[in-house]
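Okay, thanks for coming, everyone. I'll put the structure up and then talk you through a few spots in it.

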Amino acid sequence: MSQRNLKDKKLAVETLLAQAGSDWDKRTGAVSVPIYQTATFGHPELGKSTGFDYSRSSNPTRLVLEETLARFEGGVRGFAFASGLAAIDTIFRLFAPGDSVIVTEDLYGGTHRLLEKVIAPYGVRIIPVDTSDINAVHAAMDPSVKGLFVESLTNPMLRVADLPALGKLAKARGLTFIVDNTFLTPLFLKPFDMGADVTVYSATKFLGGHNDVVAGAVVVKDHDIAEKVAFLQNAVGAVLGPQDAWLVLRGLKTLPLRIHRQAENAVRIAAWLAQHPLVKAVHYPGLSTHPGHARLRSMGFGFGGIVSFEVAEGVSVKDLLARVGVFIFAESLGGVESLITYPTVQTHADIDPARRVRFGINDRLVRLSIGIEDAADLIADLEQALESAR
Ligand SMILES: *Cc1c(COP(=O)(O)O)cnc(C)c1O
């Protein structure tokens with residue numbers, strides 16, 4: 001019988017994540033948490049439960065993931081969902097018809113579609129604002145505003161929200177402050193230290209990190225909201241299955257190693273792109289020329305692994321996408337394999353073209369998700385692809 005118990009130990013996140021679940025199975029001492037592939041759980045007798053009744057409500061594999069996420073972020077409770085959008089959909093049910101929510105204007109395309117086409121018709125007013133500009137947020141405030149939903153780093157322009165200022169405003173007005181921290185993770189940004197009440201993640205991205213699972217996560221800072229989210233998670237039922245929960249847990253174990261490597265590679269690639277004659281503009285908050293650089297440096301611990309850039313006139317994006325050989329032309333981000341995405345026709349296709357262009361997403365913009373490969377291989381791949389696309 002294993003007596004190991006990590007619960008009450010004060011551990012650094014690297015230790016916490018690497019050992020996630022290793023103390024769960026007291027009977028066998030299994031180092032990797034078992035995949036509890038079961039829908040239901042037998043009861044010892046009437047009125048008694050093992051703590052598990054039915055896997056929509058709770059499942060041990062999912063619970064280990066949820067407890068790990070909560071401890072990682074410093075919240076009271078974590079929740080795992082079937083996707084990032086399932087997580088965001090569930091969180092928006094905290095609001096009632098008649099409420100308004102201020103949201104980042106250049107949201108991830110799927111979130112934009114969910115809020116405009118699904119949530120808004122139920123009577124929750126969605127107010128898109130440039131949340132990197134606190135004055136614009138103040139100007140949009142009215143008494144019906146009950147929530148703020150902000151992406152810590154936006155996609156693909158990587159605008160940086162002013163979280164400390166937004167946190168103060170949310171506190172003063174009693175708003176529920178939700179941060180989609182998918183692009184930075186708690187390793188690079190800690191929204192709870194800046195007044196956020198709830199964080200949401202597409203765990204498909206950095207948390208899972210291997211382009212092998214679609215998943216979502218929510219972490220809540222205080223008990224009141226946690227109870228409401230727990231109720232909604234069970235009532236709505238968009239939960240993560242045990243196999244996928246296990247994959248996310250497995251991914252989390254190496255997150256610190258992966259994300260630091262991805263960020264190191266990203267800095268090198270962004271700097272290389274910035275001096276390239278076939279590149280018109282580079283967007284990466286780790287470059288001192290990026291408008292959000294100073295702000296992210298002051299509030300975070302890293303700049304992430306996403307870089308977008310605009311090719312110069314005369315370079316064909318179609319050819320660029322066809323000629324990359326190490327980068328994979330695919331949607332998504334945050335995994336160990338480097339991907340190249342064309343926001344105009346992929347991630348942001350559901351956004352009105354005029355609006356898209358206003359955000360800087362034109363048909364010469366491509367987005368890179370930098371993986372853990374050798375940076376020189378990635379640069380050589382971009383070099384040959386750019387040259388043959390001119
Ligand atoms: C991908 C993504 C989502 C949606 O997550 P899914 O897991 O694809 O449902 C939400 N927000 C951001 C910032 C994302 O990148």
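**A walk from one leucine to the domain interface**

Let's start with L247, which sits in helix α9, residues 242-253. Keep in mind that we're looking at a predicted model. Is L247 buried, exposed or something in between? Its relative accessible area is 22%, so we call L247 partly exposed, the buried class being under 20%. Leaving aside residues up to four places away in sequence, L247 touches D212 and V213. There's also G208: its C-alpha is 6.8 Å from that of L247, though the two positions lie 39 residues apart in sequence.

Okay, zooming out. The protein splits into domain 1, 13-250, and domain 2, 255-389. Their centres, taken over C-alpha atoms, are 26 Å apart. How many residues are in contact across the two domains? On the domain 1 side it's 38, and on the domain 2 side it's 43. Together the domains bury about 3500 Å² between them, with carbon and sulfur atoms giving 67% of that. On the domain 1 side, the three residues to look at are M157, F188 and F206, which supply 23% of the area that domain 1 buries against domain 2, more than any other three residues.

Now for the polar side of that interface. There are 14 residue pairs in polar contact across it. The elements of domain 1 that give two or more residues to this side are α1 (13-18), α4 (109-119), α6 (163-173) and α7 (185-188). By type, the domain 1 residues here come out as 20 nonpolar, ten polar and eight charged. Two salt bridges cross between the domains. As for D162, it forms a salt bridge with R295, and the closest N and O atoms there are 3.7 Å apart.

Let me stay with α6 for a second. Its buried residues are L163, A165, L166, G167, L169 and A170. And what covers them? The cover includes α5 (134-140), β4 (145-151), β5 (176-180) and α11 (293-299). Just after the helix, G174 takes a positive phi of about 65°.

Last topic, charge pairs. Side chains of opposite charge can pair when their charged atoms come close. The total here is 15 salt bridges. One of them is E66 with R62, at 3.2 Å from N to O. Both residues are in helix α2 (residues 60-73), four residues apart, so about one turn of the helix. Are these two buried or exposed? E66 counts as buried because its relative accessibility is 7%, and R62 counts as buried because its value is 1%.

Then there's E105, which has more going on. The side chain of R159 meets E105 in a salt bridge, 3.1 Å from N to O. That one links distant parts of the chain: R159 is in the loop between β4 and α6, E105 is in the loop between β2 (100-104) and α4, and they're 54 residues apart. E105 is buried, at a relative accessible area of 12%. E105 also meets R358 in a salt bridge, at 3.5 Å from N to O. Here the separation is 253 residues, with R358 in helix α13 (residues 353-358). R358, at 56% relative accessibility, counts as exposed. Through shared partners, salt bridges join E105, D106, D130, R159 and R358 into one network.

That's my tour, so over to you.

Definitions and conventions. Residues are numbered from 1 along each chain as its sequence is written. This is a predicted model: local features need pLDDT of at least 70, side-chain atom pairs count only at pLDDT 80 or more; totals for chains, interfaces and linings use all residues. Side-chain values use heavy atoms; hydrogens and water are left out. Domain bounds come from an automatic or database domain assignment. Contact means heavy atoms within 4.5 Å. Buried area is the accessible area (1.4 Å probe) that two parts lose on being put together, summed over both. A salt bridge is a side-chain nitrogen of Lys or Arg within 4 Å of a carboxyl oxygen of Asp or Glu. A polar contact is a pair of N or O atoms within 3.5 Å; within protein, one must be able to donate a hydrogen and the other to accept it, and residues adjacent in sequence count only if both atoms are side-chain atoms. Ala, Val, Leu, Ile, Met, Phe, Trp, Tyr, Cys and Pro count as nonpolar, Asp, Glu, Lys and Arg as charged, and the others, Gly among them, as polar. Buried means under 20% relative accessible area, exposed over 50%, partly exposed in between (1.4 Å probe, protein chains only).
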